[in-house]
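Me: I would like to learn how to read strands, helix packing and a chain-to-chain contact in a model. Could we go through these one at a time?

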Amino acid sequence: MVVPAWSSQFEKEAIRELEAIGPLAGITRQWAWAGSTGDGVRVAVIDSGVAPDHPAIGDSLSGSMVVGVDEDKNEPFTVPDEPPVDSFGHGTACAGIIHAIAPRAEIFSVRVLGEDLKGKALRFAEGLRWAIDERMDVVNLSLSTSRPEYYGMFHRLADKAYFAGVTLVSAANNRRVPSYPSLYSSVISVAASKGKDPFEYLYNPSPPVEFGAPGIDLKVAWLDGGSCVTTGNSFAAPHIAGIVALICAKHPGLTPFQIKTILFACATNTNVENQANFSQQSQGVRKGSDQ
Amino acid sequence: MTDGKSSTLRTQLRALVDVLQTSTAILLPHSTRELLDSIVEAAATIFGARAASIALIREQENTLEFMSAYGAGREELVGRKLQIDRGIAGFVALTGQALAISDVEQDPRFDRDFAASTGYVPGSILAAPLERGDRVVGVLEVLDKVDAPGFAMHDLELMGIFGRQAAIAIEQTGMLDQLNRLLRDGLVELANGDEHLGIDQLVDAFGDGSPGPPVTELRAMAQHIGRLYSAGEHERQACMGVLETLSRYLDQRQALH
């Protein structure tokens with residue numbers, strides 16, 4: 001099957017088994033997130049908005065912001081989105097995926113898709129800046145820009161997030177084109193891989209797209225309380241964002257690099273033998289070193 | 001030029017200009033509209049879809065204007081404008097990301113007002129941006145996959161390649177349209193202007209650009225691709241490999257100019 005450019009790396013024939021070595025082998029799913037509901041973790045969804053009354057998000061929506069641009073000064077600003085809306089359905093779909101994985105995580109919608117075409121990348125950068133300044137635990141970015149003049153701005157924001165302990169989870173573009181911030185090394189980049197189990201995800205040893213998560217023929221929330229079946233990298237990112245929320249809730253204070261290490265160690269294709277023994281581990285029987 | 005010759009030329013030009021200004025004749029072989037029509041037909045063929053449409057972004061108005069459509073609902077769609085802040089096409093135009101959706105009927109109001117007003121509500125949609133460099137210039141949609149409930153990953157990827165080439169073709173043909181107008185304006189000036197201007201200058205002014213390949217070739221290509229694509233997995237991969245290589249070659253050639 002031919003899949004989007006980055007997703008081909010997650011095909012069964014292409015992906016290979018990896019090994020988390022030494023003490024890393026002791027990082028198990030049991031330790032990482034078993035029993036977690038994402039309680040107390042704040043997840044920003046920078047997207048088209050989140051519909052507050054959609055059944056798929058329950059009561060997880062804790063705040064809604066919208067980004068505008070002052071046309072005279074060409075400066076963006078972020079203000080409460082009242083009433084909160086999602087006129088496309090995409091942001092609600094992403095929020096629904098996160099909520100399904102981390103039901104007690106608090107979702108903050110940052111609507112950056114506005115009424116017009118002007119200042120798209122600027123709005124997007126401003127939304128990200130807001131989420132970083134608010135010290136969100138996780139930020140889901142299913143959007144990206146290919147404009148080279150924004151490379152520096154998004155790189156600075158990604159660095160700021162990294163050093164502030166804000167984990168950015170970003171969907172790769174479906175094509176192999178420059179894509180900011182998803183392709184920066186400090187960001188957790190995600191493409192679609194086959195499979196529907198939200199806890200089955202893959203680590204790719206040949207980045208820049210590092211993780212593969214479900215994003216093919218998914219049933220997701222959509223407009224007006226409805227749903228649809230959809231395919232695309234933008235629905236793979238929220239799967240990882242949800243898992244990161246679970247990890248953050250169970251182990252507060254982790255840095256983005258620690259989180260990425262945990263994701264690597266717990267990937268379906270890492271320490272395959274250990275993963276097979278997961279059921280044993282959940283009963284307290286451990287394999288490998290445990291430092 | 002002698003006075004006699006130039007006045008004859010001017011008279012002839014005046015007559016030609018009169019004809020042009022009152023007719024919709026096209027001086028150059030292919031217009032944007034013809035090309036767009038052939039692209040939507042090719043897209044529907046390649047992707048095995050019942051319908052297809054192209055909308056171009058009208059930046060000043062924040063709308064998408066449907067320029068061409070093929071298949072069900074086409075008559076009502078062409079010329080319609082969609083606000084950019086709603087709908088799947090709007091999302092694709094704003095984000096530059098392709099989107100594949102099916103079972104949209106379960107959604108009570110996916111831009112239903114617009115779709116219902118055209119009398120056609122599709123069951124599955126694959127929408128992709130038409131991009132020139134990093135700028136989205138329009139949206140290409142294919143609707144209602146014939147032999148499957150929805151469009152698959154391989155359709156998404158092929159759309160990426162197809163959309164990119166379609167955008168290049170549209171831009172180049174847009175330039176031909178401008179050239180068309182320039183030619184007409186040039187002839188008007190020539191007819192009304194300085195009697196010392198000669199036909200040689202007119203020929204020089206427009207150089208020796210050659211038109212692109214006939215659009216009938218595009219139709220034939222679409223049929224070949226459509227056949228290959230529905231033949232099976234190996235055929236699809238072989239086809240994709242060839243197209244990708246060609247696409248990269250074209251990108252490199254583009255970059256050299």
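What follows is a dialogue on strand pairing, helix packing and the contact between two chains, all read from a predicted model.

Me: Let me start with a strand: is strand β1 of chain B largely enclosed or largely open, and why?

Reply: The general idea is to count how many residues of the strand are buried, a residue being buried if 20 or more other C-beta atoms lie within 10 Å of its own. For β1(B), residues 49-58, 8 of the 10 residues are buried, so the strand is largely enclosed by the rest of the structure.

Me: Which strand does β1(B) pair with over 8 bridges, and which over 7?

Reply: Pairing is read from the bridges that join two strands, together with the sense in which they run. The 8 bridges link β1(B) in the antiparallel sense to strand β2 of chain B, residues 63-71, while 7 bridges join β1(B) to strand β6 of chain B, residues 135-145, which is again an antiparallel arrangement. L56(B) illustrates both pairings, since this residue stands opposite E65(B) in β2(B) and opposite G138(B) in β6(B).

Me: How many residues lie between β1(B) and β2(B)?

Reply: There are 4 residues between these strands, which form a hairpin, and N62(B) in the turn has a positive phi of about 55 degrees.

Me: Turning to helices, how do α3 and α4 of chain A lie relative to each other, and why is that description used?

Reply: One looks at the crossing angle of the axes, where angles under 35 degrees count as roughly parallel. The axes of α3(A), residues 120-133, and α4(A), residues 151-164, come within 10 Å and cross at roughly 15 degrees, and the two helices are therefore roughly parallel to each other. The crossing of α3(A) past α4(A) is left-handed. On the α3(A) side the contact is made by A125(A), L128(A), R129(A) and I132(A), and α4(A) contributes residues including F154(A), L157(A) and A161(A). By class, the residues of this contact divide into 8 nonpolar, no polar and 2 charged.

Me: How many residues does each chain give to the contact between chain B and chain A?

Reply: Each side is counted separately, and here chain B and chain A give 32 residues each. On the side of chain B that touches chain A, the elements giving two or more residues are α4, β4, α6 and α9 of chain B, and α6(B) gives the most, with 5 residues. That side divides into 14 nonpolar, 9 polar and 9 charged residues.

Me: Which strand of chain A pairs with β4(B)?

Reply: Strand β11 of chain A, residues 227-231, pairs with β4(B) in the antiparallel sense over 3 bridges, and the bridge partner of T230(A) in β4(B) is I101(B).

Technical notes:
Residues numbered from 1 in each chain as written. Chains lettered and ligands numbered in written order. Predicted model: local features only at pLDDT ≥ 70, side-chain atom pairs only at ≥ 80, totals over all residues. Buried ≥ 20, exposed ≤ 12 C-beta atoms within 10 Å, placed from the backbone. Pairing = 2+ DSSP bridges. Axes fitted to C-alpha atoms, helices over the stretch in contact; angles between N-to-C directions. Parallel < 35°, antiparallel > 145°, perpendicular 65-115°, else oblique. Left-handed = near helix turned anticlockwise from the far one by under 90°. Contact = placed C-beta atoms within 7 Å. Nonpolar A, V, L, I, M, F, W, Y, C, P; charged D, E, K, R; others polar.
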